[in-house]
Amino acid sequence: MRDVRLLVIAGAVWGAAFASVLWPDAATAIAVALWCVSATACGWLCAARGRRARRAAVPLLAIALALGAAVSTHVGLAAPARGELTALVARAGRVVEIDGVVSSKVRPLRDALWFEVETTAIRVGREQDAAAATVTVSVERDALAGPALDLGSTVALRGGARAADPGDRAVLVLFADRGSVVRGPPHVLGVMSDLRDGFVHDVAAGLPEPGAGLLPGLAVGDTRAVSADLDAAMKASSLTHLTAVSGANCAIVTGLAFALAALIRLPRWARVGAALAALGGFVLLVTPEPSVVRAATMAVIAMLGLLLGRAGAGAAALGGAAIVLLLLDPWLATSFGFVLSALATGALLLLAGPLARGLERWLPRALALGIAVPLAAQIACAPVIVLLAPAVPVYGVVANMIAAPAAPLATVVGMLACVLQGVPVVADGLAAIAWVPSAWIAQTAVLFSGLPTASVPWWGGAAGFASLALVGVCVVIVLVRPETVPARLRRAAGASLAVVVGVVSGSTALTGVAGPLTAPTGWSVALCDIGQGDAVLLRSEGAVALVDTGPEPERLASCLSRLGVGRIDLLVVTHFDLDHVGGIAAVSGRVDTALHGPLGADGAQWLAHVDEARLVDASNGMSGVLGGAAWRVLWPQPESRAFPEGNDASVVLEIAGGGIPRSLLLGDLGASSQSALRATGGVSGRYDVVKVAHHGSADQDAELYWIARPALALIGVGADNDYGHPAASILAELRAVGATVARTDEDGLVLVGQREDGVPWVWRERPRESEPAEPLDDDVSARSRERR
């Protein structure tokens, strides 16, 4: 009963924290309301007499509301300082300088490093704020100078900033264009950093892949060496939690330390002290991520209970840990790592047992428990995971049954290899032993991710969360023992699951077999998925223009066939780089007019593929019609010597009308040529659609995008390209101007059209949200009406 009460209180505190951090302006009002209700409940308790009143739910309610009020008060007190800082950045400009200390794990993402900094000073123009704040930082690897960057490093950074999203602990997100590590991690943090680096680059690196790259993740939570392919396989097979240090790792460390202390006959207080010391060192070694902090706090509560002779259940420790941590840091309520860690732990403590007992009706006890443990965790965590990626792993339970038993050996032996690097022979031997279970897990992930239909698509957002949570409830109702739920409820749950299985199976078959038939037909702008390159189709009243052809004829031909495009009325070759003209053979014999940029050395050779077309050398000022749409060329300048043939002389096209939203296609212009284009005054007013220049490279003129203020930004880019496209800096600028970003590496084919009222919509082949065709922001409607 005590466990249930603590979990109920933790749930109330979580709810208060969640609401307060998402709506910080309302945090004070929430706190006042909760304090008032809690005081009322306390007053009723004081007025009531007898045990019955004290045993009622009112005391539990009073405590839960008081703790929730404390959390909301914390957020409310912090809100003014956070608001002043965001206002300072908005008022003084977007260039921000910060000094501070790295407070999180440093995560590589393409060519950028992401981490959090606890600031000691923030400078914006001539104004300075010395208040401590958390800032999320993204910085290119080659833009950072100085010693090692890791947890505890002192840094000085400069770049563009924006306010962080609601619910983030960080107040700002800084996209640094330059910076320096003033000092590396000090003292014990430096030792731990050296151990992690040595384990990744020296000890594990000498072992065969893919187990070598995965081993540091399993042992100390360091996933730097995990390849992109293996990372995708781990996600598809629902095994990524094995590299997220959590309760099992902390339990192993504290248990081993406690057992060793008992072996040498230390008293109880010394055993607990040894276990806590080992736990503290382990947390610093793996870095204090939210899931690690949650697991460590639970272990501390368990150890303190043992010291006092009052050992409690795991559920009580989970509830107590959640309450304490949310009181200290309410922003953990929206941390996916913290939420998933707590949900998985709660599921193992409360749900795995009933599921195992239910499965024992058909299966041997050991097998029933082996299925129940990963199934419980997946039921609890899947609704949250679908908010991150709208898909459900099909083989996750089976993959975990096969891979998870190998994880403890890899964790314990790998961690010993990391700690004992001072004795190379021992460290190498232990790493070789730990490599065996690591390779087993990696190969399991690769095997299951490669099976047909490794994951099935699901709705995203709140609809996906609610529907998948309901499916989980139905699964539990069907599997637990019959006497625990009414027969009518069991039949309803079974019928619901049957419907879900049928719908999901049918949808999966439709997507896989008849996918080409599912694209909407009313499109007017299409961004073809042709890899690292550009190919944009424009359609108005039956007339079709193609802007660039991508690098390969086969991929362009596939896109044209899928969209039913035969004749090309207007072909625009912005310039003659391979990624823009390499696929031109796919339209040979099908082009009426070809508009092209400066020929250079190879231009004439490429245009020979469309020798039937009328060739036109494009320059600023040209215009024409496509069906009911009007187009004009904004760049390059005629006979200009400032920008020779190539990227900076790309043809820039503006088109609108006839069902085509007002669109701007920027070719591969760099920042200097974009600035020159901006100076001509040709780009004016807001655009519905902008094709981002040069596949979203970092070489951009931000002011041009602020003038264009696109509602939708299109980026033609190949998955896992070597250029780091699209750059974090331009993505940040696009978000700052309010643009929705659609990119072929993540979204596949992208189609844009207009509703009857003129409001544009966007469709993605691999949708992110629940709707297959989503309207753009409300401001687009106003823009469209203004132009009409």
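Is R224 buried, partly exposed or exposed? With a relative accessible area of 35%, R224 is partly exposed, a value that falls between the 20% below which a residue is called buried and the 50% above which it is called exposed. The model in which this arginine sits is a predicted one, and the account below moves from the chain as a whole to its confidence, and then to the individual contacts.

The protein chain holds 27 helices and 26 strands, and of its 788 residues 49% are buried. Among the contacts in the chain with a separation of 6 or more, those between residues 24 or more positions apart account for 66%. The chain exposes about 34,500 Å², and 62% of that area is supplied by carbon and sulfur atoms.

Confidence should be considered before any detail is read. The average pLDDT of the protein chain is 84, and 90% of the residues score at least 70. Over residues 510-517, however, pLDDT stays under 50, and for this stretch the model has five contacts beyond four places in sequence. Residues 777-788 likewise have a pLDDT below 50, although here the model shows 22 contacts beyond near neighbours in sequence. Where pLDDT is low, the predicted coordinates should not be read in detail.

Returning to R224, its side chain meets that of D197 in a salt bridge, with an N to O distance of 2.9 Å. The pair links distant parts of the chain, since D197 belongs to helix α5 (residues 187-203) while R224 lies in the loop between α6 and α7 (228-236), 27 residues apart. D197, at 22% relative accessibility, counts as partly exposed, just as R224 does at 35%.

The helix that precedes this loop presents another picture. Helix α6 spans residues 211-220, and 10 of its 10 residues are buried; these include L214, L215, L218 and V220, together with the glycines G211, G213 and G217. After α6 comes G221, whose phi is positive, near 75 degrees.

The D197 and R224 pair belongs to a wider set, for the count of salt bridges comes to 22. In another of them the side chains of E97 and R158 meet, at 3.9 Å from N to O. E97 lies in strand β1 (residues 95-102) and R158 in strand β7 (residues 154-163), so this pair ties together parts that are 61 residues apart in sequence. E97 counts as partly exposed at 28% relative accessibility, and R158 counts as partly exposed at 25%.

A further salt bridge is formed by R678 and D701, whose closest N and O atoms are 2.8 Å apart. R678 lies in helix α23 (residues 671-680), whereas D701 lies in the loop between β21 (689-691) and α24 (702-708), and the pair therefore ties together parts that are 23 residues apart in sequence. The two partners fall into separate accessibility classes: R678 counts as partly exposed at 28% relative accessibility, while D701 counts as buried at 11%. Elsewhere, salt bridges that share partners join E97, D99, R123, R158 and D177 into one network, which takes in the E97 and R158 pair described above.

Among the strands, β17 (residues 623-626) and β18 (residues 629-635) pair in the antiparallel sense over four bridges. Within this pairing G624 stands opposite W631 in β18. The two strands form a hairpin with two residues between them, and in this hairpin G627 takes a positive phi near 60 degrees.

What remains is the cysteines. The count of disulfides comes to one, and it joins C528 to C559, with an S to S distance of 2.0 Å. A disulfide is a covalent bond between the sulfur atoms of two cysteines. The torsion about the S-S bond of C528 and C559 is about -70 degrees, so the disulfide is left-handed. Distant parts of the chain are linked by this pair, with C528 in the loop between β11 (523-527) and β12 (536-540) and C559 in helix α20 (residues 553-562), 31 residues apart. Both C528 and C559 are buried. Two further cysteines can be placed by their accessibility: C250 is buried, with a relative accessible area of 1%, and C474 also counts as buried, at 9% relative accessibility.

Terms used. Residues are numbered from 1 along each chain as its sequence is written. This is a predicted model: local features need pLDDT of at least 70, side-chain atom pairs count only at pLDDT 80 or more; totals for chains, interfaces and linings use all residues. Side-chain values use heavy atoms; hydrogens and water are left out. Buried means under 20% relative accessible area, exposed over 50%, partly exposed in between (1.4 Å probe, protein chains only). Contact means heavy atoms within 4.5 Å. Accessible areas come from the Shrake-Rupley method with a 1.4 Å probe; for residues, only the protein chains shown count as cover. pLDDT is the predictor's confidence in each residue, from 0 to 100. A salt bridge is a side-chain nitrogen of Lys or Arg within 4 Å of a carboxyl oxygen of Asp or Glu. Two strands pair if DSSP finds at least two bridges between them. A disulfide is a pair of cysteine sulfur atoms within 2.5 Å.
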